[in-house]
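Student: I would like to work through a model, one question at a time. Please show me the sequence and structure.

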Amino acid sequence: MAQTGLYGFFRETMQQIMNRMTGQIEEYGRAYEAAHGEKLYEHLICRIKSEESAREKLCRLGQTADTWHALRSITDTIGIRIVCLFIDDVYENVRQIKSIPGCSVVREKDYIHNAKPNGYRSYHMILEVEADEPDVDGNTPGHYYVEIQLRTIAMDTWAALEHEIKYKKSIENQELIIQELRRCANELAACDVSMQTLKRIIREGE
Amino acid sequence: MKILFAEDETDLREVVTAYLEYQGYHVKAVSNGREAVENAASDAYDTLVLDVMMPEMDGVTAIRKIRETGNTTPAIFLTAKAEVADRVEGLDAGADDYLTKPFSMEELSARLRALGRRKREYKVRVMCFGNLELDTEASEIRALNTIGLAHREVRLLSCLLANTDREMTAEDLLKEVWNNEPADAETVWMYVSFLKAKLQSVQANVTIEGDRNHSFRLKEF
């Protein structure tokens with residue numbers, strides 16, 4: 001059993017939990033598609049946070065870079081992102097996730113209805129997921145954090161660009177770019193809302 | 001206040017110009033419609049005063065050409081007493097007010113002041129209601145969030161914001177917001193729906209009350 005690295009012995013369990021969670025999301029996705037004839041999300045991605053960026057985060061938080069802190073102070077070591085076509089789909093996914101057995105919501109933030117000042121929009125959920133395997137506190141069943149981010153394709157595109165400037169050391173016209181990025185966020189949000197409204201109107205007419 | 005004044009009768013042009021300058025206005029005086037169009041295009045004015053009967057180009061044609069360029073400067077035109085058709089034509093061509101000849105200087109002055117007041121109202125940049133702010137220049141609404149509005153949505157919302165004390169029918173809104181462009185009650189309903197969703201999205205404590213084919217009004221809740 002691999003015991004090296006920041007996640008040590010627990011890495012394997014984290015991987016299993018991530019696979020299980022995505023499997024459950026895919027499962028309700030299939031059921032929804034069978035019942036409604038359309039996909040509830042466009043795509044789904046997941047990752048285990050790289051040890052390098054986990055160490056950086058712990059350093060930023062002023063905490064020891066050990067296995068316990070990595071699994072207890074950082075809540076997004078297991079991360080899943082669900083990208084949807086429409087805003088309503090985001091909320092339907094949130095509803096479905098809440099009914100997955102063995103996981104409870106620790107914290108959720110609706111940055112779609114309360115956009116961050118820079119224009120960032122997404123729905124964030126931090127879940128505590130129960131696993132048959134033990135956790136870093138020695139409990140069996142163990143408890144692990146999973147962060148799920150849900151957003152529309154437009155929000156995803158925006159976040160990709162924002163991510164790029166966030167990690168660039170120096171950008172020319174930074175003020176202007178940030179300001180224009182904020183304007184784009186507001187325009188994309190406008191489009192998302194209008195498309196959702198049109199979809200509802202089309203459905204009403206059926 | 002800068003005024004563009006077009007009048008072909010030399011005496012009248014000079015008297016009015018002198019009077020307005022005495023009143024503190026900056027006046028650019030020209031003698032026909034063509035010069036008025038050229039000057040309106042090359043310089044910014046606060047008000048246009050145009051005679052109807054002029055050589056080369058009459059005042060009605062001039063105001064129509066000026067409006068075609070997207071220029072919305074308030075315009076007042078001068079017409080002879082009997083010419084009802086001219087007055088109708090001039091107002092329809094885009095003038096905001098008219099004065100029949102002969103007119104008193106005091107009345108011209110008062111109408112210029114009135115148009116000036118109205119112009120300031122047109123220029124209101126941010127309109128508020130409840131926790132909602134409409135920024136007409138940035139084409140955005142703000143409450144707990146910010147979201148962009150389409151040009152038509154800005155006009156529809158400013159119209160509703162200017163009439164929070166009464167019900168606006170689809171016909172009222174078509175007249176105010178769509179002018180004479182092809183649109184019907186369904187178009188109004190669609191744009192009302194867009195706005196309602198956007199108001200909700202920024203978490204405004206304001207919504208548009210009213211149903212398809214009925215009348216609409218902004219309400220705080």
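Student: Leaving aside neighbours within four places in sequence, which residues is Gly59(B) in contact with?
Tutor: This is a predicted model, where local features need pLDDT of at least 70, side-chain atom pairs count only at pLDDT 80 or more, and totals for chains, interfaces and linings use all residues. Residues are numbered from 1 along each chain as its sequence is written, and chains are lettered from A and ligands numbered from 1 in the order in which they are written. Two residues are in contact if their C-beta atoms, placed from the backbone, lie within 7 Å. For Gly59(B), that gives Ala6(B), Gly33(B), Leu50(B), Asp51(B), Val52(B), Met54(B), Phe77(B) and Gly90(B).

Student: Is Gly59(B) buried or exposed?
Tutor: Buried needs 20 or more other C-beta atoms within 10 Å of the residue's own, exposed 12 or fewer, and partly exposed lies in between, with C-beta atoms placed from the backbone. Gly59(B) has 30 other C-beta atoms within 10 Å, so Gly59(B) is buried.

Student: What separates the C-alpha atoms of Gly59(B) and Gly90(B)?
Tutor: Gly90(B) is on the contact list of Gly59(B). The two are 31 residues apart along the chain. Their C-alpha atoms are separated by 7.8 Å.

Student: Where is Gly59(B) placed, and how are H2(B) and H3(B) oriented to each other?
Tutor: Gly59(B) sits in helix H3 of chain B; helices (H or I, at least four residues) and strands (E, at least two) are DSSP runs, numbered from the N terminus. H2(B), residues 33–42, packs on H3(B), residues 59–68, at about 20° with axes 8 Å apart. Axes are lines fitted to C-alpha atoms, for helices over the stretch in contact, and angles run from 0 to 180 degrees between N-to-C directions. Under 35 degrees counts as roughly parallel, over 145 as roughly antiparallel, 65 to 115 as roughly perpendicular and the rest as oblique, so H2(B) and H3(B) are roughly parallel.

Student: Which residues of H3(B) make the contact with H2(B)?
Tutor: H2(B) brings Gly33(B), Ala36(B), Val37(B) and Ala40(B). H3(B) answers with Gly59(B), Thr61(B), Ala62(B), Lys65(B) and Ile66(B).

Student: Which residues of H8(B) meet H6(A)?
Tutor: H6(A) spans residues 174–205. H6(A) offers Ala189(A), Ala190(A), Val193(A), Ser194(A), Gln196(A), Thr197(A) and Ile201(A). On H8(B) the residues are Met190(B), Ser193(B), Phe194(B), Ala197(B), Lys198(B) and Ser201(B).

Student: How are H6(A) and H8(B) oriented to each other?
Tutor: Their axes are 9 Å apart. The angle is about 130°. H6(A) and H8(B) are therefore oblique.

Student: How many residues of the side of chain B that touches chain A come from H8(B)?
Tutor: The contact takes twelve residues from chain A and 14 from chain B. Strand E9 (146–148) and helix H8 (185–201) of chain B each supply at least two residues of that side. The largest share comes from H8(B): six residues.

Student: What percentage of chain B is buried?
Tutor: Chain B holds eight helices and twelve strands. The chain has 221 residues. Buried ones make up 33%.

Student: What ipTM does the model score?
Tutor: Chain B averages a pLDDT of 87, the predictor's confidence in each residue from 0 to 100. In chain B, 95% of the residues score at least 70. The model's pTM is 0.68, and its ipTM is 0.70.
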